[in-house]
Amino acid sequence: MDCVVTLILFSMFWKLSTSIQCYKCEPENSAYVHVNTLCSEFDYSDAFKTDCEYSTVCVKKVTSLTLKNGMTVSSVYRGCAPQVLSGDQVKKDGKWYPVKRIYEEYDMGCTEPKDSEKVTKSTVCYCKGSLCNTAASITINVLVLTFITNGLLIVLG
């Protein structure tokens, strides 16, 4: 029984040992706009998926500004959280070589930095796991895990 549960859990998280995928899109007012990846057109399709070669964490940032007339303007960014410092090097055989070392510096979950001086409000969310940087996929992953666990308890119990 323990072996079956271990194998199922292992197969669910197998991809985490390699690179992950995150949804990637840019706000419309970004200088890095790509025709098919505007967050205003985000639809969970393959066009918005990207491989994160040097990251183990996805990020979603929502920035909003409330105008004087009461209207709120928001922008969204999704992507791979930066985890590599440029300039990292290792000395080998008397020579220095550039390396790409992944640093685990993020706390998972959402934060809303408090700064009374800023007119914009931002919420930044970090998560681990492929395509986790959307609320819908987090909900689906939890539901799938719950159904699998309950199914195993019924079959094995």
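This passage describes the aromatic pairs of a predicted model, with attention to one cluster of rings.

A pair of aromatic rings is described by the distance of the centres and the angle of the planes. By this description, the structure holds five aromatic pairs. One of them joins Tyr23 and Tyr44, whose ring centres lie 5.9 Å apart. Their planes meet at 85°, over the 60 degrees required, so this pair is edge-to-face. A look along the sequence helps to place the two tyrosines. Tyr23 belongs to strand β1, which spans residues 20-23, whereas Tyr44 sits in the loop between β1 and β2 (49-52). The pair therefore ties together parts that are 21 residues apart in sequence. The surroundings of the two residues can be compared as well. Tyr23 has a relative accessibility of 6% and counts as buried because this value is under 20%. Tyr44, with a relative accessible area of 41%, is partly exposed.

Phe42 and Phe48 make up another aromatic pair, again edge-to-face, with 5.2 Å from centre to centre and 75° between the planes. Phe42 is buried at a relative accessible area of 15%, and Phe48 is likewise buried, at 4% relative accessibility.

These two pairs can be viewed together, as Tyr23, Phe42, Tyr44 and Phe48 are linked into a cluster by ring pairs. Within this cluster, Phe42 also has a charged neighbour: Arg78 lies over the face of the Phe42 ring, at 4.0 Å from the ring centre. Phe42 thus combines an edge-to-face contact with Phe48 and an arginine over its face.

Terms used: Residues numbered from 1 in each chain as written. Predicted model: local features only at pLDDT ≥ 70, side-chain atom pairs only at ≥ 80, totals over all residues. Heavy atoms only, no water. Phe/Tyr/Trp six-rings, centres within 6.5 Å; stacked < 30°, edge-to-face > 60°. Helix = DSSP H or I, 4+ residues; strand = E, 2+ residues; numbered from the N terminus. Buried < 20%, exposed > 50% of the residue type's maximum accessible area, 1.4 Å probe, protein only. Lys NZ or Arg CZ within 6 Å of the ring centre and 35° of its normal.
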